[in-house]
Amino acid sequence: TQTSLSIDWTGGDYMLTSITGYNNLTYDTAVDGDYSAASINYSTSVADTDEVSQELRITSPGDQRLTWLAGAYYYDSQTDTHLENLYGDDVLPIAALLPASLRRLLIGGLINDLTEETNSFALFGQIGFKITDRWSVSAEGRWTVETKKVHSVDQSQLNPGVVTGTFDDEADFQNFVPRFTLDFQATDDVLLYASAAKGVKVGGFNVVTVAGAILPEERTYD
């Protein structure tokens, strides 16, 4: 489900814009881990994500030599995931010779419940200047503060309902990304431009332990 609402208010030559968004995604997967007809390994995962965003910006008249815009942006998301990576009775070649309880004891699966949250706020702006009818420059900037939280709970297939491991953490990120652009309108049909920009990808957490244990120093990345 993806929804958005865009509203423009015009006051004189200025425009105030509001963009509101809400998204929901349910992602359901099932994987036969051994890729065979045998009952060896099977994984299922259900992830439910809710996202809410709100942007407000004001824009100056576009027919002047000096133009500008300024705005603010808010974003919040939460994802709840339930994952089961389980082993079946055919996990061992000698499975038929062993009691079911012993087969499960030798190779146990994992059950994981995970909640991930992201909260972000940004201020942004842009200034443009027409040097001549053909040349123009612009400068942009965006300052963002973001908080990520994670809560992960592991259970063993051998003892469903008994917590075998937990991981809780929170990380804060701040960044400023600028961009500068130079435009040249060579002809009515040809625009040449050059730009320089900085990009940032914030960090996060390694939480899924299906493939094996995660070292403490690998739980968080920048």
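Which residue takes a positive phi in the hairpin of β1 and β2? In this model, which I should say at the outset is a predicted one, that residue is glycine 12, with a phi near 65°, and the hairpin has two residues between its strands.

Let me stay with those strands for a moment. Strand β1, residues 2-11, and strand β2, residues 14-32, run antiparallel and are joined by ten bridges, and within this pairing aspartate 8 stands opposite threonine 17 of β2. On the β3 side, threonine 17 has arginine 57 as its bridge partner, and β2 and β3, the latter covering residues 41-59, again run antiparallel, with 18 bridges between them.

Now I would like to set two other threonines side by side. Threonine 118 sits in strand β5, residues 110-130, whereas threonine 166 belongs to strand β7, residues 163-185. Are they buried or exposed? Threonine 118 has a relative accessible area of 16%, and because buried means under 20%, it counts as buried; threonine 166, at 52%, counts as exposed because that value is over 50%.

As for their surroundings, and leaving aside neighbours within four places in sequence, threonine 118 is in contact with Tyr75, Asp76 and Ser77, and also with Glu146, Thr147 and Lys148. With the same neighbours set aside, threonine 166 is in contact with Ser152 and Val153. Its C-alpha atom is also separated by 6.2 Å from that of aspartate 154, a residue twelve places away along the chain.

Note on methods
Residues are numbered from 1 along each chain as its sequence is written. This is a predicted model: local features need pLDDT of at least 70, side-chain atom pairs count only at pLDDT 80 or more; totals for chains, interfaces and linings use all residues. Side-chain values use heavy atoms; hydrogens and water are left out. Helices (H or I, at least four residues) and strands (E, at least two) are DSSP runs, numbered from the N terminus. Buried means under 20% relative accessible area, exposed over 50%, partly exposed in between (1.4 Å probe, protein chains only). Contact means heavy atoms within 4.5 Å. Two strands pair if DSSP finds at least two bridges between them.
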